[in-house]
Amino acid sequence: MIIKDHWKLRDFREGEAKDLEVASPLYDDYFWMSAEVPGDVHTTLIRHGLIDDPFYGHNDQKCRWVEERIWWYRTVFTLDEAPRPDDKMLLVFEGLDTFATVYLNGAELGSTDNMFISHTFEVSRELKPGKNVIAVKFDPVHAKVGGKAVSTFWSGFSKERVWTRKNQSHFGWDWGPPLLCAGIWKEVRLEKYDAVRIEHVYARTAEVGEMEALVDISVELTSWDRRKTYSVLVELLDGESGEVAAAETLEISGTAGSGLSGLAGGMSLAGGTKLRVSKPKLWWTHDLGTPHLYELRISVHADGITLDKRSQKLGIRTLELKQRDADGKPAFTFMLNGVPVFSKGANWIPIDSFIGAVPDVRYSRLIGMAKAANMNMLRVWGGGIYERDIFYDECDRLGILVWQDFMFACALYPDYNRNFMDNVAEEVQQVVKRLRSRTCLALWCGNNENDWLYEALHASGDIPHPFYGEKINHELMPALLEQLDPSRTFWPSSPYGGNDHNSREEGDTHNWQVWHGNIEPRVFGEPQLQDYSVEGLSFKKFKEDRTKFASEFGMHASANLYTLQRNVPQTELVLGSAEMMNRNKDINHLKGVMLMEGYTGIPGNLEEYIDFSMLTQAEGLKYGIEHYRRNKPETSGALFWQFNDCWPGTSWSVIDYYGLPKAAYHYARKFYHPLLLTAEYTPGDAELVLWGVNDARETVSKTAELVVYGMDGRQVYARTFAAEIEACGKQRIAVVKLDDLLQGLDAAEAVCIVRWMDGCGEDNFYYFCDHKDMNFRPVNLNVQVNPEEGSVTVSSDYAARMVRLEMDEAWLDWEDNYFDLLPGQTRVIHVGQKEGKEIPWNTLRVSALNGASVALNRRQPVTE
């Protein structure tokens, strides 16, 4: 039974009410406000009009009082009949955020102090036929950990958070506001069992051959009847045909218990078997093949009765992290079914500041957008949450690998405290057991940046303390993972490896030369220096990076104008206003200005800021990622920071809070294409090098075309080149001198395009000067709309730079956007709305960086 109805919510000041009175079934909660579960306190208050939208303006400051109050949830549910004497009734809370005390019919069941894990209470005696009352009290964070915060204890963004096992970014980060949520953020269930319960199933591919695969299955049970012997049927069904691909039965005796389960005297039992699958259909990332999934079914029987059952999706695949190449040199390459993967993707942060209230469909939309952008890996960053099941469901289904951090980030953690470590141990065990059978899961990573930042800041004299937290990811986690999930690599931290944990010589790296101006390389013991200058922050620093795996790097871009208009008062919708500054939580706002100064020039108004920041981010990521891909196999992955936003702010994201892509998202679809044709060129170079990069499993033979035009469309150079690129390889196709390409044309007036002649992928535009040095001509855009077909047709008289299509709506699904146009070229762009809403054609605006905006309305459906 899912308990999701009739929940109510109310706040109390400390000392205002007695707990047992509020928890009592007789307590009068008639005038409490209704609440949704799953959900949280803040969204409940927003829905009832008791606080203003915290995302609008500075409203987040107006609702800080919410964090100071005690909050109680209550609900009533009906039990049709009393449990039988042998029934075991379990009340399960999948997620409580965070310091909660749970009551059933006035009886205190227990307290919780970890948002990330589930909490189960055996309640057979406390239940009664008819109405039953659940009450949950949430204490404020400061009341539980405020006295433990050490003022000199290094912790980015907050001192309290290191003692609190909840979403670390709830305390604020450099891309999101501090909004300290509380509430029942996951499902609540009442479960009934007779004698036995399936606790965990661990399924992993042991071997894969051309004719047969071997799949190991381990099953953990809780038994309340030691006299029984359980028969466990394990079946693997083909996900397409439904036919049984393999099946085995194992017996588990109730007398062979390994210890108490913690559930009312239950005994923990375990057993395992191997499934032999003939002619297995393998799971691949979507760029390498089909992410085929089987259905694994487990059922437990005794005395001819089915007592419990469970099913889950499972892909057959092998996956390892190769840390040495054929010559024994350091590497960091994921091998999927024996094939080297170039990991292409981004870092994923919590989907919302108020994650409990987010519908699953928003996950499906965003992960679908990741696939559409040719991403094959997402990194679940270690300062947020272990994601909901829907996240991993979609990654399994769509063929996207997951780099999974544990939730420790940018801080020292009190590993000297036994209670804290016991809490962390329980968290690691629960999380690993929940996720270890996920086909998409590629890597366990201990934390985000703790090892690197500790060593660098300790060397600089900024941290005098020992490395508190080291025992977590260097002792506790590896010991538990060796026992619980030996099938995957455990990586202690990100970045990690080499002489400086951010060394380019070994392991993975975070490239914060770009944006933060870090001066690298450095080695252990040296201070971390920074160069805050136009040259020091420039995205052209990427070309110096020969990393094995770039797991973090990026730069800011503004949110879309529609997103800003919904959240910034009109009078403050001005560049440099206090409200606009509040959108950017990275303290040193000059970083973005200097990045733009080096490429686009400094923006003079809000429109230019939106345009220039988006173009700089898009071209900067393109410059870096095409470099990393050309550097394969030495470099084996590029996961930029960051994919999504948790609120409508200015950040490193490529999709803003309302699901509207920035320019960089559309660029990503092109620079992450599995068959990339790329030009290696930096303004000032005397020649251009044409490369082909092939991430597919087959050798490809293609013809590449390189064409140079003037701003008026006059063609000054055109040539084709034959290319044969081996599987998972690259080819240096041609080297062309700049003078030959330009044929006397001014470099500031040239447009270069490279493309595959057979139409594979999309045209790749290059310019021989930085944007600020280009001589674009003012353009006139011709725009036609066809609402019936959901399309916009755009053409231009001269070369148009970054054509942008906008409408006043969230979650618009543009087929392409922020694209360049050649003179006389016509683009037909289709658009949908992911929520099924009507498209507001009357708000359509089409613009280019070198042209005036064209606005349309219903009375004027065609504008020239």
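**View 1. The strand-rich span of residues 778–849 in this predicted model.** Over residues 778–849 the chain is 51% strand and 0% helix, and its end C-alpha atoms sit 9 Å apart. UniProt, in an unreviewed entry, lists these residues as "domain: Beta-mannosidase Ig-fold". The model shown here and in the views below is a predicted one.

**View 2. Residues 687–773, with 55% strand and 6% helix.** Here the end C-alpha atoms lie 19 Å apart. The UniProt feature for this stretch, again from an unreviewed entry, is "domain: Mannosidase Ig/CBM-like".

**View 3. Helix α7, residues 418–435.** Let's check the length of this helix: at 1.5 Å a residue, its 18 residues should span 26 Å, and because the end C-alpha atoms are 26 Å apart, the model agrees. At the N-terminal end, N417 acts as a cap, with a side-chain oxygen 3.1 Å from the backbone nitrogen of N419. Further along, look for the buried residues of α7, among them F420, M421, V424, V428, V431 and L435. N423, E427 and K433 are buried as well.

**View 4. The second largest pocket, with a volume of about 880 Å³.** Of the 31 residues that line this pocket, F157, D174, E449, L453 and H516 are the closest to its centre. Helix α8 (residues 450–459) gives the largest share of the lining, four residues. By residue type, the lining divides into 16 nonpolar, eight polar and seven charged residues.

Technical notes. Residues numbered from 1 in each chain as written. Predicted model: local features only at pLDDT ≥ 70, side-chain atom pairs only at ≥ 80, totals over all residues. Heavy atoms only, no water. UniProt positions renumbered as here; feature names shortened; annotations may be inferred. Helix = DSSP H or I, 4+ residues; strand = E, 2+ residues; numbered from the N terminus. Expected span 1.5 Å × (residues − 1). Buried < 20%, exposed > 50% of the residue type's maximum accessible area, 1.4 Å probe, protein only. Polar contact = N/O pair within 3.5 Å; in protein donor to acceptor, adjacent residues only side chain to side chain. 1 Å grid on protein atoms, 1.4 Å probe; cavity = no way out; pocket = protein on both sides within 12 Å on 5 of 7 lines; lining within 4 Å. Points joined across faces, edges and corners; volume = space filled by probe spheres on them. Nonpolar A, V, L, I, M, F, W, Y, C, P; charged D, E, K, R; others polar.
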